[in-house]
Amino acid sequence: MRGGPAGGAGEEPAAGRGSVLAVDAGNSKTDVAVIGADGSVLGAARGGGFQPPKVGIGPALDTLERAVTEAASAAGLPVRDLADQVSACLANADLPVEERELARAVRERGWGRTTRVRNDTFAVLRAGLPGGAPPRGVAVVCGAGINCAGLLPDGRTARFPAVGRLSGDWGGGSGLSEEALWLAARAEDGRGEPTELARTLPGHFGLGSMDELIEALHLGRIPFAGRYELTPVLFETCTAGDAVAASVVDRLAEEVVLLATVALERLGLLGEETPVVLGGSVLAARHPRLDGRIRVLMAARAPKAVVGVVTAPPVLGAGLLGLDQAGANARAYTRLAAHYA
């Protein structure tokens, strides 16, 4: 999995196909890239969200195939046997059984000679690690949901089911908005501590009270997805000095650090200098209180961890994972990283 010397393996793309078909398929969007053995991006495309639980594996892969077809066309290559290997990092591949089912379904599409499917958290992790070095580190991703993954050069991993409250998860845009709404509702009716959230959350939608917001959400006048808009409002209310909002932000920091330290411990890395990569829209925003609290807690609980925020697109990580598997040389890693810089 280590990059070889310049001029070694992976210098020239195989005739008529790419080396890696890199796929980062998230709930809201999909990015695809056809990558040559020299690390060059031969073709790329963006498609819709990948949601097998909602539409089924077949229709979800149909959406993905449209993006693959567009990328293949940009590369001047046929979709069938497009690449030596498919490196697919997919949302909703949360359990090993789901990874196996999705890998089988992707393999049947015939896009590559070999197929490897991972949860999309691994794409964020790999995108935040050095390109040509053996992949070693932990990532915590907080966007609409929250997840964590760790990886060692020998292929061992640390991961969590990450299917919501059923698997013990809290955080992400969904958890934060639910918590903010719960606290604001109780503040307004007297069951909870006073908080400005009772004003700022309904105010975001032009409403005057939590009663009005609860009614609008319950009756569907505000779509379910609209509640995700409340996560930035929570952070804004925290910044303005609201103690209750700040307590939610602090709880998220605790959860992020807990995920990271458990993963580090599982991999035997707590006592070693190890990258801890933070990704996803919530963490990449680097809210001062959240970011600062995470770093303070990590310094206390895992002092050798090197915390960083990844801003590179996860499709880069899927591509790097493919180059790892191909035994690419150092120049290939450099070229691919430069493309997404």
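Me: Before we look at single residues in this predicted model, what does "partly exposed" mean, and where do "buried" and "exposed" begin?

Reply: A residue counts as buried under 20% relative accessible area and as exposed over 50%, with partly exposed in between. Asp81 has a relative accessible area of 27%, and it is therefore partly exposed. This residue sits in the loop between helix 2 and strand 4 (83–90).

Me: What is the sign of phi at Asp81, and how large is the angle?

Reply: Phi of Asp81 is positive, at about 55°, although the residue is not a glycine. Ala162 is another residue other than glycine with a positive phi, in its case near 55°, and its place is in the loop between strand 8 and helix 5.

Me: Is Ala162 buried or exposed?

Reply: Ala162 has 15% relative accessibility, so it counts as buried.

Me: Which glycines just after helices should I look at for a positive phi?

Reply: Gly76, just after helix 2, takes a positive phi of about 70°, and Gly327, just after helix 12, also has a positive phi of about 70°.

Me: How does the length of helix 2 relate to the span expected for it?

Reply: The idea is to take the distance from the first C-alpha to the last and set it beside the value expected at 1.5 Å a residue. Helix 2, residues 57–75, has 19 residues and reaches 26 Å, close to the expected 27 Å. Helix 12, with 13 residues, reaches 19 Å, which is close to the 18 Å expected for it.

Me: Which residues of helix 2 are buried, and what covers them?

Reply: The buried residues of helix 2 are Ala60, Leu61, Leu64, Ala67, Val68, Ala71 and Ala72. Their cover includes strand 1 (18–25), strand 2 (29–35) and strand 3 (41–48), together with helix 1 and helix 3 (96–108).

Me: Taking Ala60 as an example, which residues is it in contact with once its neighbours within four places in sequence are left aside?

Reply: Ala60, which lies in helix 2, is in contact with Phe50, Gln51, Pro52 and Val55 when those neighbours are left aside. At 2% relative accessibility, Ala60 counts as buried. As for distance across the model, the C-alpha atoms of Ala60 and Arg289 are separated by 38 Å, and these residues are 229 apart along the chain.

Me: Why is helix 12 described as largely enclosed?

Reply: Helix 12 is largely enclosed by the rest of the structure because 10 of its 13 residues are buried. Among them are Val315, Leu316, Leu320, Leu321 and Leu323, and the list also includes Asp324.

Me: How should I read the pairing around strand 2, and which way do its neighbours run?

Reply: Pairing is read from bridges, and two strands pair if at least two bridges are found between them. Strand 1 and strand 2 run antiparallel and are joined by 6 bridges, with Val23 having Val32 in strand 2 as its bridge partner. Strand 2 and strand 3 also run antiparallel, joined by 7 bridges, and here the bridge partner of Val34 is Gly43 in strand 3.

Me: What connects these strands, and how many residues lie in each connection?

Reply: A hairpin through 3 residues joins strand 1 to strand 2. Another hairpin, with 5 residues between its strands, is formed by strand 2 and strand 3, and Gly39 in its turn has a positive phi of about 85°. In strand 2, 6 of the 7 residues are buried, so this strand is largely enclosed by the rest of the structure.

Me: Turning to pockets, what is the volume of the largest pocket, and which residues are closest to its centre?

Reply: The largest pocket has a volume of about 1,600 Å³. It is lined by 49 residues, of which Asn27, Gly143, Ala144, Gly145 and Ile146 are the closest to its centre. Helix 5 supplies the largest share of the lining, 5 residues, and by class the lining residues divide into 19 nonpolar, 20 polar and 10 charged.

Me: How does the same reading go for the second largest pocket?

Reply: The second largest pocket has a volume of about 160 Å³, and among its 12 lining residues Arg116, Arg118, Leu151, Gly155 and Thr157 lie nearest its centre. Strand 5 gives the most to this lining, with 3 residues, and the lining has 5 nonpolar, 3 polar and 4 charged residues.

Technical notes
Residues numbered from 1 in each chain as written. Predicted model: local features only at pLDDT ≥ 70, side-chain atom pairs only at ≥ 80, totals over all residues. Heavy atoms only, no water. 1 Å grid on protein atoms, 1.4 Å probe; cavity = no way out; pocket = protein on both sides within 12 Å on 5 of 7 lines; lining within 4 Å. Points joined across faces, edges and corners; volume = space filled by probe spheres on them. Helix = DSSP H or I, 4+ residues; strand = E, 2+ residues; numbered from the N terminus. Nonpolar A, V, L, I, M, F, W, Y, C, P; charged D, E, K, R; others polar. Expected span 1.5 Å × (residues − 1). Buried < 20%, exposed > 50% of the residue type's maximum accessible area, 1.4 Å probe, protein only. Contact = heavy atoms within 4.5 Å.
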